[in-house]
Amino acid sequence: MTAHTIGSHLRQARFFLWRLDSYRFLGSKFSCPICRCSFRKMKPLEVIWNIRGIPTDHHTENAICPRCHSVPRQRFVVEYIRQKTDLLTRRQRVLHFAPEISIYNLLRHADLDYVAADIDFSRFAGPMVYADATDIPFPTASFDAIICIHVLEHIVEDQKAMAEFFRVLKPGGQAIVAVPTYGDKTFEDRSLDYAARELQ
Ligand SMILES: [Zn+2]
């Protein structure tokens, strides 16, 4: 058994445990647009982000869905998809970059020609293709839609990635792209290393 296979089994076991554990949260106060379950409360999100040199402790109550483990930005995107697009009502070809496990599980079971792509397979137990966003291994005009959430900020050649999105989208296709923003200004200096950039 390879390390990849063992990792895949461990991830599947983790999803199963999430599902079992979610029963103790069942209720009607919160609902998740991804797994479509309702809960009396969600799990809290606790994370420390280093924002412009300042370690910022984020504690958010009722943030993580107990069943699909989605976080608010993922539920926001899926709510947008449900209300503003035809992704879940018309069969079409969708490319999803660096997929979030909750959205991945939703879309791969929808009536779609769904392609999940990443340069790192370590987080997943299901089908994926290897793809670099700056050199997408698909022909021009291959997809009706692209989903890419909190990925572009990690890519040095982000404009090249966006040009590739445009290339592989069919005319009239849609790209659903999200990046994090803090405050009203952005700062970009590729000559700085990662530690120096965090201080800006
Ligand atoms: Zn959920």
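What pLDDT does the protein average, and what percentage of the residues score at least 70? This is a predicted model, and the protein averages a pLDDT of 87, with 90% of the residues scoring at least 70. If you colour the chain by confidence, look for strand β8, residues 143–149, where the mean is highest at 97, and then for helix α5, residues 194–198, where confidence is lowest, at a mean of 66.

**Stop one: the sheet**

Select β7, β6, β5, β8 and β9, and you will see 5 strands that form an open sheet in that order, with parallel pairing. At the edges stand β7 (129–130) and β9, and each of these has a single partner strand, so one side of each is left without a neighbour in the sheet. While the sheet is on screen, add helix α2, residues 72–84, which packs on the sheet and touches β8 and β9, its direction making about 150° with that of β9.

**Stop two: from β6 to β7**

Now zoom in on strand β6, residues 113–118, which is joined to β7 by 2 bridges, the two strands running parallel. To find the pairing in the viewer, select aspartate 118 and look across to tyrosine 130, its bridge partner in β7, and then select alanine 117, which stands opposite valine 129 in β7.

**Stop three: from β5 to β6**

On the other pairing of this tour, β5 and β6 run parallel and are joined by 5 bridges, and one place to look is histidine 96, whose bridge partner in β6 is alanine 116. Follow the chain from β5 through α3 to β6, and you will trace a β-α-β crossover that is right-handed. Helix α3 itself, residues 101–108, lies across β5 and β6 and runs at about 155° to β6.

**Stop four: helix α4**

Next select helix α4, residues 158–168, and highlight its buried residues, which are Ala161, Glu164, Phe165 and Val168. If you look down the axis of α4, these buried residues fall within an arc of 105°, so they line one face of the helix. The general background is that an α-helix has 3.6 residues a turn, so residues three or four places apart point the same way. The buried residues of α4 pack against β5 (93–97), β8 and β9 (169–178), whereas on the other side of the helix Gln159, Ala163 and Phe166 are exposed.

**Stop five: the loop before α4**

Stay in this region and select the loop between β8 and α4, where you will find glutamate 157 and also histidine 150. Why does glutamate 157 count as partly exposed? Glutamate 157 has 15 C-beta neighbours inside 10 Å, and a residue is called partly exposed when its count lies between the limits of 12 or fewer for exposed and 20 or more for buried. If you draw a distance from glutamate 157 to alanine 133, C-alpha to C-alpha, the two are 9.3 Å apart in space, although they are 24 residues apart in sequence. Histidine 150 has a positive phi of about 55° although it is not a glycine, and with 15 C-beta neighbours inside 10 Å it counts as partly exposed.

**Last stop: arginine 36**

Finally, move to the loop between β1 (26–31) and β2 (38–39) and select arginine 36. Arginine 36 has a positive phi of about 60° although it is not a glycine, and this residue is exposed, with 10 other C-beta atoms within 10 Å.

Notes. Residues are numbered from 1 along each chain as its sequence is written. This is a predicted model: local features need pLDDT of at least 70, side-chain atom pairs count only at pLDDT 80 or more; totals for chains, interfaces and linings use all residues. pLDDT is the predictor's confidence in each residue, from 0 to 100. Helices (H or I, at least four residues) and strands (E, at least two) are DSSP runs, numbered from the N terminus. The arc is that of the directions from the helix axis to the C-beta atoms. Two residues are in contact if their C-beta atoms, placed from the backbone, lie within 7 Å. Two strands pair if DSSP finds at least two bridges between them. Axes are lines fitted to C-alpha atoms, for helices over the stretch in contact, and angles run from 0 to 180 degrees between N-to-C directions. A crossover is right-handed if, with the strands pointing away from the viewer, the path from the first strand over the helix to the second runs clockwise.
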